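Colleague: Could you take a close look at one small spot for me, and then walk outwards from there? I'd like to know what sits around it before I do anything else with this model.

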Amino acid sequence: MTPTETIAAIRADARFQVACDRLRADHDRTVTDVVTLTEIPSPPFGEEKRAAAYLEMLRAHGLEQVEQDEIGNVMGLRRGFGNGDILVVAAHLDTVFPAGTDVRVRREGTKLFAPGVSDDTWSLAVNLAFIRALDAAGIRTRHDLLFVGDVGEEGLGDLRGIRHLFAKGRHRERIRAFLTVDSPEVERIVSGGVGSRRYRVTFRGPGGHSYAAFGLVNPMYAMAEATRALAAVPVPQSPPTTHCVSVVSGGTSINAIANAVTIEVDLRSASAAELERLDTRFLEIVNEAVVTENAARSTASGAITAEIARVGDRPAGETPQGMPIRSLAAAAVAAEGYAPHFEFSSTDANVPMSLGIPALKIGAGGRGGRAHSLEEWLDVEPEESLRGMRTSLAAILALAEMEQVG
Ligand SMILES: [Zn+2]
């Protein structure tokens, strides 16, 4: 069967219709769940309370082996009839918003406003709705479905939840494919994982009077030289590769040679090889800038040094064209009349992609916007939301190999 035929067969199945009816009947409940979860703050490195609530929700949905792992992910298994191969269906528990952010949900018509409501709390609620729909319809799948609420997707969380799932998680050896449901829009499928390396580099020197000590090495000049050299590094447009000196701080007074200057640097690429090349070049640049400054001025009172701290490391990867997971997901999107397109981004799917495990980011359904801002919103208008949910449910069932009856 072609991917289009596979999706058509699933959609034509009477049990899939029952599942969709249940999604519709349950819509208010799903909205209630997203409000409940959104109003439990889940800042980076502070997901415990939301994780505990979600763990209980997974348990209430009758999954097996419901548990929290060492890093903080919560999960439960819906058994398949096959040999125990697993399709992961994940959504992330964390938000970008720091502790203390007002996370109360304001409702205007079908629109919900709250930090984190669409990224990615909606997906947590929708994944629960998927479980209820599958159970109501008695749908069985060949693969086990592992539903995961994971920690550490955003920012300096560095994908630590999903990294742990693949590095140490008890199910890791049986995971055959991975879907992260992240953001509402289903037509935007992420098949490329933009990797990143982030650095905090502190240039130090002896410091001194700007006039009286003139001639001593200056960490500001070393920093500037490193920044200039990085700016000149050519990078390919495809695969997209970028560099940015994003934050600078340091210095003590306008009439003093600084004794410390710090920069924060963000390097990214959709290609693991390009990222490695850029990373290596950047580290060379820092060392060259130090050598250049120590040669340019006097080190009699002390030399320039650079302290390099890697503060972020997300692996790059791709689920390449031609992989069935891509064509099935695209066919599911097209079957609902959306135009699927594949994108590069940085999501939980980076981790399995970097390991060569088929992985995508898909949508939860509905519309949202202003993610990562205090004006973040989610439109739960039923028709559009259900259309998106049907899309992703069909994709999940295609990948988990829904049992065909009759
Ligand atoms: Zn997200």
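Which backbone nitrogen lies 2.8 Å from a polar atom of the side chain of Asp13?

Modeller: That would be the backbone nitrogen of Arg15, at 2.8 Å from a polar side-chain atom of Asp13. Bear in mind that this is a predicted model. Asp13 sits in the loop between helix 1 (3–12) and helix 2 (14–25). Its relative accessibility is 12%, and because the cut-off for buried is under 20%, Asp13 counts as buried.

There's a similar arrangement further along the chain. At the start of helix 7, a side-chain oxygen of Asn218 comes to within 2.8 Å of the backbone nitrogen of Met220. Helix 7 itself covers residues 219–231, and its 13 residues reach 18 Å from the first C-alpha to the last, close to the 18 Å expected at 1.5 Å a residue. Its buried members are Pro219, Ala222, Met223, Ala226, Ala229 and Leu230. Looking down the axis, those buried residues fall within an arc of 130 degrees, so they line one face of helix 7. The spacing fits the usual helical geometry: with 3.6 residues a turn in an α-helix, residues three or four places apart point the same way. As for what that face packs against, the buried residues of helix 7 have strand 9 (195–204), strand 11 (241–250), strand 12 (256–257), strand 13 (260–269) and helix 8 (272–296) as partners.

Just past helix 7 there's a backbone feature to look at. Pro239 is in the loop between helix 7 and strand 11, and the peptide bond joining Ser238 to Pro239 is cis, with omega about -5 degrees. The model has another cis peptide bond, from Asp119 to Asp120, with omega near 10 degrees; there, Asp120 belongs to helix 5.

Back towards the N-terminal side, helix 3 (27–38) can be read in the same way as helix 7. It has 12 residues and reaches 16 Å between its first and last C-alpha atoms, close to the 16 Å expected at 1.5 Å a residue. Buried in helix 3 are His27, Thr30, Val31, Asp33, Val34, Leu37 and Thr38. They fall within an arc of 155 degrees seen down the axis, so they too line one face of their helix.

The loop between helix 3 and helix 4 (48–60) holds Phe45. The phi of Phe45 is near 65 degrees, a positive value in a residue other than glycine. With 49% relative accessibility, Phe45 counts as partly exposed. Arg370 also has a positive phi without being glycine, near 55 degrees. Arg370 lies in the loop between strand 18 (367–369) and strand 19 (377–379), and at 49% relative accessibility it counts as partly exposed.

Now for the interior. The largest nonpolar core has 68 residues, of which Tyr54 and Leu87 touch the most other members. Helix 5 (residues 117–137) supplies the largest share of this core, 12 residues. Setting aside its neighbours within four places in sequence, Tyr54 is in contact with Leu37, Val74, Leu93, Leu124, Asn127, Leu128 and Gly149. Leu37 in that list is one of the buried residues of helix 3. A second, separate core has 23 residues, including Val201, Ala226, Val261 and Leu267; Ala226 is one of the buried residues of helix 7.

Leu87 leads on to His143, which is found in the loop between helix 5 and strand 6 (144–150). His143 counts as buried at 12% relative accessibility. Beyond its neighbours within four places in sequence, its contacts are Arg78, Gly80, Asp85, Leu87, Leu399, Ala400 and Glu401.

Zooming right out, the protein has 11 helices and 19 strands. Its C-alpha atoms fill a box of roughly 90 × 45 × 35 Å along the principal axes. Of its 406 residues, 55% count as buried. Among contacts between residues at least 6 apart in sequence, 81% join residues at least 24 apart. The exposed area is about 16,600 Å², with carbon and sulfur atoms supplying 53% of it.

Conventions: Residues are numbered from 1 along each chain as its sequence is written. This is a predicted model: local features need pLDDT of at least 70, side-chain atom pairs count only at pLDDT 80 or more; totals for chains, interfaces and linings use all residues. Side-chain values use heavy atoms; hydrogens and water are left out. Helices (H or I, at least four residues) and strands (E, at least two) are DSSP runs, numbered from the N terminus. The expected span of a helix is 1.5 Å times one less than its number of residues. Buried means under 20% relative accessible area, exposed over 50%, partly exposed in between (1.4 Å probe, protein chains only). The arc is that of the directions from the helix axis to the C-beta atoms. Contact means heavy atoms within 4.5 Å. A polar contact is a pair of N or O atoms within 3.5 Å; within protein, one must be able to donate a hydrogen and the other to accept it, and residues adjacent in sequence count only if both atoms are side-chain atoms. Accessible areas come from the Shrake-Rupley method with a 1.4 Å probe; for residues, only the protein chains shown count as cover. A nonpolar core is a set of buried Ala, Val, Leu, Ile, Met, Phe, Trp, Tyr and Cys residues joined through side-chain atoms within 4.5 Å.
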